[in-house]
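Please consider the structure shown below. The report that follows describes its contacts, its overall layout and two of its loop residues.

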Amino acid sequence: MERHGSDECAQAQGASEQENAIYQSIIDALSGDYFDLYYVDVKTDEYLEFGSRTRADRRATARRGTGFFTECKKNASGYVYDEDLERVATALEKERLLSKVKKHGTYIYHYRLLIDGAPTYVSMKATQVAGTTGTSLLALAT
C-alpha cells in the first residue's frame, strides 16, 4: 500500500515539473523582446528581477530586492541618456506610475538608455498583474 502512495507522489511531482516547464517556455516566448522583467509588490516595494537571458536563452534566476522605485531612480543616472534623465525620474515616481496604470491598464514609456556608449531607444511597460488586487506591478524594459 505504501508503494502506491509513493507512486502517486512521484507522478504528481512529475506532472508539476512538466507544468512548470511549460509555463517557463511560455514566459520565455512572450518575454523575448524584454531584457529585464520586474515583479513588484507596490505595498512594500519589494521586487523580483528576472534579468537578461543566459547563454541557454533562458531568463537568469530571479534576484530579490527592496525599494524598487528608489533603486530605479538611483540607478537611472548610470544608464539613462542624460537628456532623458529628468523625464525618466518623473515617470518613475511611484504614485504617478501607479495612477497611469490604474487609469489606462498599461503604461508604456519611451526613453533612451546608453548602450555601448550610444543613446538607444527603449520602452518601459508597466501593468497590474491579474488577480493581485492592485498590489503587484509588472514592469518590463525592451
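Of the contacts in the chain with a separation of 6 or more, 38% are accounted for by residues 24 or more positions apart; contact here means heavy atoms within 4.5 Å. The model is a predicted one, in which local features need pLDDT of at least 70 and side-chain atom pairs count only at pLDDT 80 or more, while totals for chains, interfaces and linings use all residues. Residues are numbered from 1 along each chain as its sequence is written, and side-chain values use heavy atoms, with hydrogens and water left out.

The chain has 4 helices and 6 strands. These elements are DSSP runs numbered from the N terminus, with helices (H or I) of at least four residues and strands (E) of at least two. Read from the N terminus on, their order is α-β-β-β-α-α-α-β-β-β.

The chain has 142 residues, and 31% of them are buried. Buried means under 20% relative accessible area, exposed means over 50%, and partly exposed lies in between (1.4 Å probe, protein chains only). About 9600 Å² of the chain is exposed, and carbon and sulfur atoms supply 52% of this area; such areas come from the Shrake-Rupley method with a 1.4 Å probe.

Most residues other than glycine have a negative phi. Two aspartates with a positive phi are set out in the table.

| Residue | Phi | Loop | Relative accessibility |
|---|---|---|---|
| D45 | near 65 degrees | between β1 (36-41) and β2 (46-50) | 15% |
| D116 | near 55 degrees | between β4 (106-115) and β5 (118-128) | 81% |

Are these residues buried or exposed? D45 counts as buried because its relative accessibility is 15%, whereas D116 counts as exposed because its value is 81%. Leaving aside neighbours within four places in sequence, D45 is in contact with G65, T66, G67, F68, F69 and K94.

Two of these partners, F68 and F69, also belong to a cluster in which ring pairs link them with Y38 and Y47. The structure holds 6 aromatic pairs. Rings of Phe, Tyr and Trp (its six-membered ring) pair if their centres lie within 6.5 Å; planes under 30 degrees apart count as stacked, over 60 as edge-to-face and the rest as tilted.
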